[in-house]
Amino acid sequence: MAHKHIQIFDTTLRDGEQVPGCQLNTDEKIEIALALEKLGVDIIEVGFPISSPGDFESVSKIAGIITESTVCALSRAVEKDIDAAAEAVKNARMPRIHTGIGTSDSHVFSKLRTTREHVLERGVAAVKYAKRFVEDVEFYAEDAGRTDNEYLAKVLEAVIEAGATVVNIPDTTGYCLPWQYGAKIKYLKEHVKGIDKVHISTHCHNDLGLATANSIAGIEHGATQVECTINGIGERAGNASLEEVVMILRQHQDLNFDTRIQSHQLKSMSELVSTRMRMPVQPNKAIVGSNAFSHSSGIHQDGVIKSRETYEIIDPLDVGVHESSIVLTARSGRAALKFRAAKLGFDVEREQMEPYYEAFLKLADEKKVVQDQDLLTLFSS
Ligand code: KIV
Ligand code: ZN
């Protein structure tokens, strides 16, 4: 059976760029947008044009350059925001306006200090207004994760009726558990008239470390678009990580979903975003962290040397990492030392290995990680 296509909506340049200290200039944003297009991202959210003249300029420049991905701009449910978004994406080959409003009690009553009816009216008016400029209008119900399902369904039905082509269900505060988020999407699929004509989008934050799991639960219950960022960057604890979502769907073919992401570009994409944003990737980050394919304990090294699959579920080449690495530490065994020595051209028989191994352990206790240069000295002596 053909896999169902899941659209990847990358918001590295919008939600991701909200990380304090990680702002990018226009040239850096263009470079990242072009790399995202090449990666195979379906929709690139490039900014929030009303927020600053610089952001407006980047969105409009990118809109004029990108041809293979939809170019999306964010707005609140406010006419002047929508005007700015529309003006900024007007030269895009495939423009989208992303507009919306908070729907949880906390947003309706505390932040907006209004009524549920008024929020619904503003959402509908915003979608209708955005439709004057573009066909493709996405509506977000901010804090949908904590919004009462019955009210959320009412709002979504009304915005779909008003012309929304995508409905975004953000778990803005990263509050939901995967089964709760999945059940929310299922409820909406079953209770919102017209929902089958539009895409349902996930937008999950990572405050409890569940953003990726929640996105997958959303897909399993009917979402067809996932909002995510490279390296999972974004407000507070970040967003669902693009590379994790993509590789989960690739590794679990039995789920019958796939994206059009060129996965072998994931590592270089991660490095590009990390460098331009001056935001290091944690070494143990899934898929793209520097330790994601490195093995340091003797037991694991022995297994990987015999057969990579013993301790790796992903072929590193599939995500653009050239090879698994065998890191030599005081926890490494003889098999790993022999393997690394052979790579440097020293073919040492097992029986001759002992003195080298003892010397190696002493060095490893001193140095923590033994490098090629150390091995060259060790085996040449
Ligand atoms: O987290 C959120 O709710 C958002 C919306 C603006 C889509 O980023
Ligand atoms: Zn967000």
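Me: How do the residues of the shell around ligand 1 divide into nonpolar, polar and charged?

Reply: A shell can be read by sorting its residues into classes, and in this predicted model the shell around ligand 1 holds two nonpolar, five polar and three charged residues. The residues themselves are R14, D15, H98, Y140, E142, N168, P170, T172, H203 and H205.

Me: Which elements give two or more residues to that shell, and where does ligand 1 sit?

Reply: Ligand 1 sits in the largest pocket, and the elements that supply two or more residues to its shell are β6 (137–142) and β7 (166–171).

Me: Which side chains have a polar atom paired with an oxygen atom of ligand 1?

Reply: A pair of N or O atoms within 3.5 Å is read as a polar contact. Among such pairs, an N or O atom in the side chain of T172 is 2.7 Å from an oxygen atom of ligand 1, while a polar side-chain atom of H205 lies 3.0 Å from an oxygen atom of the ligand and one of D15 lies 3.1 Å from an oxygen atom of the ligand. On its own ligand 1 has 260 Å² of accessible area, of which the protein covers 92%.

Me: Which residues coordinate the zinc ion (ligand 2), and how are they spaced in sequence?

Reply: The zinc ion is coordinated by D15 through OD and by H203 and H205 through NE2, at 2.0 to 2.1 Å, and the spacing of these donor residues is D-x187-H-x1-H. D15 lies in the loop between β2 (7–10) and α1 (26–39), and H205 in the loop between β8 (199–204) and α8 (211–220), so the pair ties together parts that are 190 residues apart in sequence.

Definitions and conventions:
Residues are numbered from 1 along each chain as its sequence is written. Chains are lettered from A and ligands numbered from 1 in the order in which they are written. This is a predicted model: local features need pLDDT of at least 70, side-chain atom pairs count only at pLDDT 80 or more; totals for chains, interfaces and linings use all residues. Side-chain values use heavy atoms; hydrogens and water are left out. A residue is near a molecule or strand if one of its heavy atoms lies within 4 Å of it. A polar contact is a pair of N or O atoms within 3.5 Å; within protein, one must be able to donate a hydrogen and the other to accept it, and residues adjacent in sequence count only if both atoms are side-chain atoms. Accessible areas come from the Shrake-Rupley method with a 1.4 Å probe; for residues, only the protein chains shown count as cover. On a 1 Å grid over the protein atoms alone, a cavity is a set of points where a 1.4 Å probe fits but cannot get out, and a pocket is an open set with protein on both sides within 12 Å along at least five of seven lines; lining residues have an atom within 4 Å of a point. A molecule sits in a cavity or pocket if more than half of its atoms lie within 2 Å of its grid points. Helices (H or I, at least four residues) and strands (E, at least two) are DSSP runs, numbered from the N terminus. Ala, Val, Leu, Ile, Met, Phe, Trp, Tyr, Cys and Pro count as nonpolar, Asp, Glu, Lys and Arg as charged, and the others, Gly among them, as polar. Donors are N, O and S atoms within 2.8 Å of the metal (3.2 Å for Na, K and Ca); water is not among the atoms, so sites may look incomplete.
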